[in-house]
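Take a look at the protein below. Where is there empty space, and what surrounds it?

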Amino acid sequence: MAALISTYAVADRPLKARPGVGETIGQTLTMARRAYIKMMRNPEQFFDVTIQPLLFTAMFAYIFGGAISGDVKSYLPTIITGILAQTALTASMARGTQLREDMDKGVFDRFKALPIARIAPLAGPAVADLLRYGIAATLTIVVGLLMGYRPGGGVGGVLAGWALTIFAGWSLSWIFTWLGTVLKTAGGVQGLGMMIMFPLTFLSPAFVPKETMPDWLQHFVDVNPVTLVINATRDLMNAGDVTMSVVWALVGCAAVVAIFAPLSVWSYSKKL
């Protein structure tokens with residue numbers, strides 16, 4: 001009887017309106033703080049954005065530098081910007097895997113009972129991941145400088161390229177966030193993510209000039225969204241120029257968010 005009375009009492013209460021913009025932002029920041037605390041308590045979440053930039057930058061530079069550009073120093077303007085794009089892509093891939101793991105553990109079941117915006121549990125961790133993208137981009141640039149990389153764009157160009165890399169990683173993370181809401185296992189998200197990452201990374205001018213590829217493959221390279229980010233980063237860091245490549249990269253990143261953020265919220269809401 002007490003349970004019935006409690007149920008009716010709750011049912012008689014007026015339903016709360018959907019959270020406004022200010023409340024949604026506050027709830028998103030709260031979820032970002034939760035994700036940040038979780039990262040601090042699990043340092044292994046930083047392995048891919050600390051070890052990978054150091055390893056890949058040195059490995060690719062010393063292995064391919066002489067063959068492609070004649071020497072390592074001449075290859076650095078190419079490889080540093082390529083590694084920046086690759087690291088942003090691999091770091092963003094982890095967002096979908098971690099999201100799926102949280103959903104499997106029942107964490108998101110607790111969010112169902114909370115009067116919060118549907119996007120907050122998804123956008124909060126994405127905001128917290130900006131720290132990871134920043135660490136990866138910073139380490140890549142620092143390693144390049146130590147190896148002899150001297151960006152022609154100066155400090156301003158480097159900072160602009162650094163910021164563009166972080167924005168690209170954040171926007172691409174929405175693709176993997178969506179995958180995390182539609183696939184059934186974290187392993188499935190990771191496996192499909194790898195299938196997406198490798199073609200986008202290696203079928204681009206990240207490591208070699210596209211002119212060395214077959215003509216039919218160059219057409220894919222031209223429409224590859226990672227190519228837009230790489231070309232824009234090179235224009236900013238190596239020349240200090242704000243070209244149309246920069247504009248198209250920003251437009252492309254914004255389009256990814258505009259498409260996959262609503263898709264992520266929609267597929268997440270269907271599971272509630």
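This report covers the largest pocket and then the helix α4.

The model is a predicted one. Its largest pocket holds about 460 Å³ of space. The pocket is lined by 22 residues, and the closest to its centre are D48, M93, A94, T97 and Q190. Three elements each give two or more residues to this lining: α3 (47–69), α4 (72–104) and α9 (186–202). The biggest share comes from α4, with eight residues.

What is the lining made of? The table sorts its residues by kind.

| Kind of residue | Number in the lining |
|---|---|
| Nonpolar | seven residues |
| Polar | eight residues |
| Charged | seven residues |

Now follow α4 itself. How far should its 33 residues span at 1.5 Å a residue? The expected span is 48 Å, and the end C-alpha atoms lie 46 Å apart, which agrees. Still, α4 bends by about 35 degrees at T78.

Is α4 largely enclosed or largely open? Buried here means under 20% relative accessible area. By that cut-off, 26 of the 33 residues of α4 are buried, so the helix is largely enclosed by the rest of the structure.

Look at both ends too. At the start of α4, D71 has a side-chain oxygen within 3.2 Å of the backbone nitrogen of K73. After α4 comes G106, with a positive phi near 90 degrees.

Put the two parts together. The helix α4 gives the most residues to the pocket lining, and it is largely enclosed by the rest of the structure.

Note on methods:
Residues numbered from 1 in each chain as written. Predicted model: local features only at pLDDT ≥ 70, side-chain atom pairs only at ≥ 80, totals over all residues. Heavy atoms only, no water. 1 Å grid on protein atoms, 1.4 Å probe; cavity = no way out; pocket = protein on both sides within 12 Å on 5 of 7 lines; lining within 4 Å. Points joined across faces, edges and corners; volume = space filled by probe spheres on them. Helix = DSSP H or I, 4+ residues; strand = E, 2+ residues; numbered from the N terminus. Nonpolar A, V, L, I, M, F, W, Y, C, P; charged D, E, K, R; others polar. Expected span 1.5 Å × (residues − 1). Bend = angle between axes of the 7 residues up to and from the residue. Buried < 20%, exposed > 50% of the residue type's maximum accessible area, 1.4 Å probe, protein only. Polar contact = N/O pair within 3.5 Å; in protein donor to acceptor, adjacent residues only side chain to side chain.
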